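Hello,

Here is the structure for your files. My notes on what was found in it come after.

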Amino acid sequence: QQLTSNNNNTALPSTQQPSQHQTPHHHQINQEHISSIINLKLLVANQQAMLDTLSSKLHHAELTNTIITSENEILAKNNEMQQVQLIQLKREVMEMKRMQHQRELLNL
């Protein structure tokens with residue numbers, strides 16, 4: 001048998017060289033391989049799209065969490081300031097009541 005080389009530079013007997021005139025069976029196998037490759041590429045593309053979507057959703061959730069955390073900190077500071085103002089107002093009311101009471105005592 002005469003040896004010929006294929007694309008990988010390995011010697012194959014000429015009877016094993018891919019024929020340009022393939023049998024229907026070989027053509028069907030090649031079509032199945034092509035179909036499998038296409039399906040795998042579609043599956044990979046779908047998985048990449050899913051990863052991109054999930055990554056985007058995660059990024060959005062992280063941003064939302066950051067915003068909510070910031071808002072909570074602002075609300076906590078506002079609450080603290082209102083508590084301080086409330087204490088100050090209570091002191092002022094107590095002082096005004098004390099002063100009113102002293103006036104009443106002086107008027108007697």
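E95 has a relative accessible area of 34%, so it counts as partly exposed (buried is under 20%, exposed over 50%, partly exposed in between; 1.4 Å probe, protein chains only). This is a predicted model: local features need pLDDT of at least 70, side-chain atom pairs count only at pLDDT 80 or more, and totals for chains, interfaces and linings use all residues. Residues are numbered from 1 along each chain as its sequence is written, and side-chain values use heavy atoms, with hydrogens and water left out.

The partner of E95 is R98: the two form a salt bridge (a side-chain nitrogen of Lys or Arg within 4 Å of a carboxyl oxygen of Asp or Glu), with 2.4 Å between the closest N and O atoms. The count by this rule is 1 salt bridge. R98 is partly exposed as well, at 40% relative accessibility. Both residues sit in helix α1 (residues 24–107), 3 residues apart, or about one turn of the helix.

Helix α1 also holds I34, which is partly exposed at 43% relative accessibility. Together with I38 and L42, I34 makes up a nonpolar surface patch of about 270 Å² accessible area (Shrake-Rupley method, 1.4 Å probe, only the protein chains shown counting as cover for residues). Patch residues have over 30% relative accessible area and no salt bridge; like charges are joined within 9 Å, nonpolar side chains (Val, Leu, Ile, Met, Phe, Trp, Tyr) within 5 Å.

Overall, the elements run β-β-α from the N terminus. Helices (H or I, at least four residues) and strands (E, at least two) are DSSP runs, numbered from the N terminus. Of the 108 residues, 1% count as buried.

Regards
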